[in-house]
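Please open the model in your viewer and keep the sequence panel beside it. The stops below are meant to be taken in order, with a selection to make at each one.

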Amino acid sequence: MDSDERPGVITSMAERLGRTGLWTSMRHVPDREAAVKLAVECETASVPALWLPGSIDNRSLRYFEDMLAATENLVVASGVANIAAEPPRAVVDVLTGALDRFPQRFLLGLGVSHAKPIAEHGLGSAKAPLRRMRSYLDGLAAAGMPSSSVVLGAQGPKMLGMAAERCAGCHPYLVTPEHTGLARRIVGAGLVMPEQTVAVGSDPASARATARAFLTRYLQFPNYTRNWEKLGLTEDLSGAPSDRLVDAIVVSGSPARVAERIRRHHDAGADHVAIQFLGEPAAALDAYREIATLV
């Protein structure tokens, strides 16, 4: 992809994001103080971008401005915020400080939440995800959110198409390099920023067991299983995740092996890969340094 084909604001964001970043679980940022501490640690460790997942109530968005104020260059992104949790105007109100003070250092990643958590929290229906996302993007635009600051947690071709049409790009979760190639073909000049889950360890069996336990919870969510089926992993979705599914979605083993998987995403068209380590933040930062050097 020739960066000259892109709007300048997209090219600038791609440069700020760097080739890799860190994706962390919300259990590592239980409050504002922990979020700011992690942001500072990431910048000290030369991590160019930090991704925080959306929780059911999107509380991580309330930490963005303080995280950005405590750092100089770090990009902070939501991977992804739940559009069922709050109306567009409320989200823009929460992010007004970040928008005004740090317009080129944050990304609002959005996703249509799973049916089960939506129902459990009384947040409406998970049906018609494309229509709901389109309406939500209309609301964000009306409230003043620039499209260049928004990306979609898109999996399927139609949602990827919407990311290309209405946003700065996409942030697919739990995907393969083959999916990254599909995303690049559909998103075109937009940003393609997949998440890559990693289980680092010298014992392959232990690392794979960690990866399998992590993936098991996602078998209940049809948006992930449908996407894996399209990637040729149909027979691996009943019961516990198969070795083939685990190895396709989570890379485990040595830093060199992890770096090779990330290079495959880059070769397939990724601008940036958000690396999620299955472990504590301190260990993740140490592993990130070594892998980023290899990449």
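The tour starts with confidence and then moves through the interior to a surface loop.

This is a predicted model, in which local features need pLDDT of at least 70 and side-chain atom pairs count only at pLDDT 80 or more, while totals for chains, interfaces and linings use all residues. Residues are numbered from 1 along each chain as its sequence is written, and side-chain values use heavy atoms, with hydrogens and water left out.

**Confidence.** Colour the chain by pLDDT, the predictor's confidence in each residue on a scale from 0 to 100; the protein has a mean of 89, and 92% of its residues reach 70 or more. Then select residues 117-125, where pLDDT stays under 50 and the model has 15 contacts beyond four places in sequence, a contact being heavy atoms within 4.5 Å. Where pLDDT is low, the predicted coordinates should not be read in detail.

**The nonpolar cores.** Select Leu108, Leu110 and Leu152 next, since these touch the most other members of the largest nonpolar core, which has 62 residues. Such a core is a set of buried Ala, Val, Leu, Ile, Met, Phe, Trp, Tyr and Cys residues joined through side-chain atoms within 4.5 Å; buried means under 20% relative accessible area, exposed over 50%, and partly exposed in between, with a 1.4 Å probe and protein chains only. Around Leu152, setting aside neighbours within four places in sequence, the contacts include Leu110, Met133, Met159 and Cys167. A second, separate core of 33 residues includes Ile10, Ala211, Tyr218 and Ala248.

**Aromatic pairs.** Show the rings of Phe, Tyr and Trp (its six-membered ring), which pair if their centres lie within 6.5 Å, with planes under 30 degrees apart counted as stacked, over 60 as edge-to-face and the rest as tilted. The whole structure holds eight such pairs. Phe64 and Phe106 are edge-to-face because their ring centres are 6.4 Å apart and their planes stand at 75°. This pair links distant parts of the chain, 42 residues apart, with Phe64 in helix α3 (64-69) and Phe106 in strand β5 (106-111); helices (H or I, at least four residues) and strands (E, at least two) are DSSP runs numbered from the N terminus. Tyr218 and Phe221 form another edge-to-face pair, 6.3 Å centre to centre with 65° between the planes, and both residues are buried. Widen the selection to Trp23, Tyr173, Phe214, Tyr218, Phe221, Tyr224 and Trp228, which ring pairs link into a cluster.

**Helix α8.** Select residues 177-187, where Pro177, His179, Thr180, Gly181, Ala183, Arg184 and Val187 are buried. Their cover includes α7 (157-166), β7 (169-170), β8 (191-192), α10 (222-230) and α12 (255-268). Gly188 follows α8 and has a positive phi, near 65°.

**Cysteines.** How many disulfides are there, taking a disulfide as a pair of cysteine sulfur atoms within 2.5 Å? The count is zero. Cys167 has its nearest cysteine sulfur, that of Cys170, 9.8 Å away, and Cys167 is buried, at 12% relative accessible area. Cys42 is also buried, at 0% relative accessibility.

**A loop position.** Finish at Glu280, in the loop between β11 (273-277) and α13 (281-294). Is Glu280 buried, partly exposed or exposed? Glu280 counts as partly exposed, because its relative accessibility is 45%. Beyond residues up to four places away in sequence, Glu280 touches Arg27 and His28.

Definitions and conventions:
A disulfide is a pair of cysteine sulfur atoms within 2.5 Å.
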